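Here is a short report for someone meeting this structure for the first time. It starts with one pair of side chains and works outward from there.

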Amino acid sequence: MLPTLYDGDRLLVQHGATPRQGQLVVCRLPGSGVVAVKRATLREPDGWWVDSDNPAEGVDSSTVGTVPDAAVLAVVRLRLWPFWRSRRRGRARGHAT
């Protein structure tokens with residue numbers, strides 16, 4: 001699977017928004033404290049299970065476990081830049097999800 005986002009992409013995020021299953025979120029990963037963009041895939045009683053869109057790269061819940069609600073910092077609403085990449089891949093308005 002190809003990654004949804006690439007180095008240099010600019011995102012519009014909404015801090016404090018409640019994520020829905022399938023949305024991209026900005027979260028602080030347990031253990032390392034690294035802030036990353038991941039896909040919220042499953043709501044668990046103790047937080048969110050997050051996955052990497054490119055399983056060959058990065059860390060996700062299969063490594064660090066569930067991300068607590070307080071560690072989900074924002075929901076990604078839109079890719080702002082580079083707009084041409086999202087249009088070339090067939091996404092109509094630059095949506096990241």
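Arg79 and Asp9 form a salt bridge through their side chains, with N and O 3.3 Å apart. Arg79 lies in strand E5, while Asp9 sits in the segment before strand E1 (10-15), so the pair ties together parts that are 70 residues apart in sequence. The model is a predicted one. Are the two partners buried or exposed? Arg79 counts as buried because its relative accessibility is 1%, under the 20% cut-off. Asp9 has 13% relative accessibility, so Asp9 counts as buried too.

**The salt bridges**

How many salt bridges does the structure hold? There are three. The table gives each pair with its N to O distance.

| Pair | Distance, N to O |
|---|---|
| Arg79 and Asp9 | 3.3 Å |
| Asp53 and Arg39 | 2.7 Å |
| Arg43 and Asp69 | 2.8 Å |

Take the pair of Asp53 and Arg39, whose side chains meet at 2.7 Å. This pair links distant parts of the chain. Asp53 is in the loop between E4 and helix H1 (61-64), and Arg39 is in strand E3, 14 residues apart. Both Asp53 and Arg39 are buried.

Next comes Arg43 with Asp69, their closest N and O atoms 2.8 Å apart. Arg43 belongs to strand E3, and Asp69 to the loop between H1 and E5, 26 residues apart. Here the partners are not buried. Arg43 has a relative accessibility of 39%, so Arg43 counts as partly exposed. Asp69 is partly exposed as well, with a relative accessible area of 40%.

**The chain as a whole**

Now step back to the full chain. It has two helices and five strands. From the N terminus, the order is β-β-β-β-α-β-α. The chain has 97 residues, and 36% of them are buried. Among contacts with a separation of 6 or more, 53% join residues 24 or more positions apart. The chain exposes about 5,900 Å². Carbon and sulfur atoms supply 54% of that area.

**Strands side by side**

Strand E3 pairs with E2 and with E4. E2 and E3 run antiparallel and pair over five bridges. One bridge sets Arg28 against Val35 in E3. The two strands form a hairpin with six residues between them. In that turn, Gly31 has a positive phi of about 90°.

Gly33 also lies in the loop between E2 and E3. Its relative accessible area is 28%, so Gly33 is partly exposed. How far is the C-alpha atom of Gly33 from that of Ala71? The separation is 9.2 Å, although the two residues are 38 residues apart along the chain.

E3 and E4 are antiparallel too, joined by five bridges. They form a hairpin with two residues between them. Leu42 stands opposite Trp49 in E4. Ala40 stands opposite Val50 in E4.

**The nonpolar core**

In soluble globular proteins, nonpolar side chains tend to be buried together. Which residues make up the largest nonpolar core here? There are twelve: Ala17, Val25, Cys27, Leu29, Ala36, Ala40, Trp48, Val50, Val67, Ala71, Val72 and Val75. Four strands each give two or more residues to this core: E2 (24-28), E3 (35-44), E4 (47-51) and E5 (72-81). Ala40 and Val50, which stand opposite each other across E3 and E4, are both core members. Ala71 is a core member as well.

Ala17 reaches across the chain. Leaving aside neighbours within four places in sequence, Ala17 is in contact with Val75 and Arg77. Val75 is itself part of the core.

**A nonpolar patch on the surface**

Some nonpolar residues lie on the outside. Leu12, Leu80 and Trp81 form a nonpolar surface patch. Together they have about 320 Å² of accessible area. Leu80 is in strand E5, the strand that also holds Arg79. Is Leu80 buried, partly exposed or exposed? At 43% relative accessibility, Leu80 counts as partly exposed. Its strand-mate Arg79 counts as buried at 1%. In a regular strand, the side chains alternate between the two faces of the sheet.

Notes:
Residues numbered from 1 in each chain as written. Predicted model: local features only at pLDDT ≥ 70, side-chain atom pairs only at ≥ 80, totals over all residues. Heavy atoms only, no water. Buried < 20%, exposed > 50% of the residue type's maximum accessible area, 1.4 Å probe, protein only. Contact = heavy atoms within 4.5 Å. Areas by Shrake-Rupley, 256 points an atom, 1.4 Å probe, with all protein chains shown as cover. Core = buried A, V, L, I, M, F, W, Y, C linked by side-chain atoms within 4.5 Å. Patch = residues over 30% accessible without salt bridge, like charges linked within 9 Å, V, L, I, M, F, W, Y side chains within 5 Å. Salt bridge = Lys/Arg side-chain N within 4 Å of Asp/Glu carboxyl O. Pairing = 2+ DSSP bridges.
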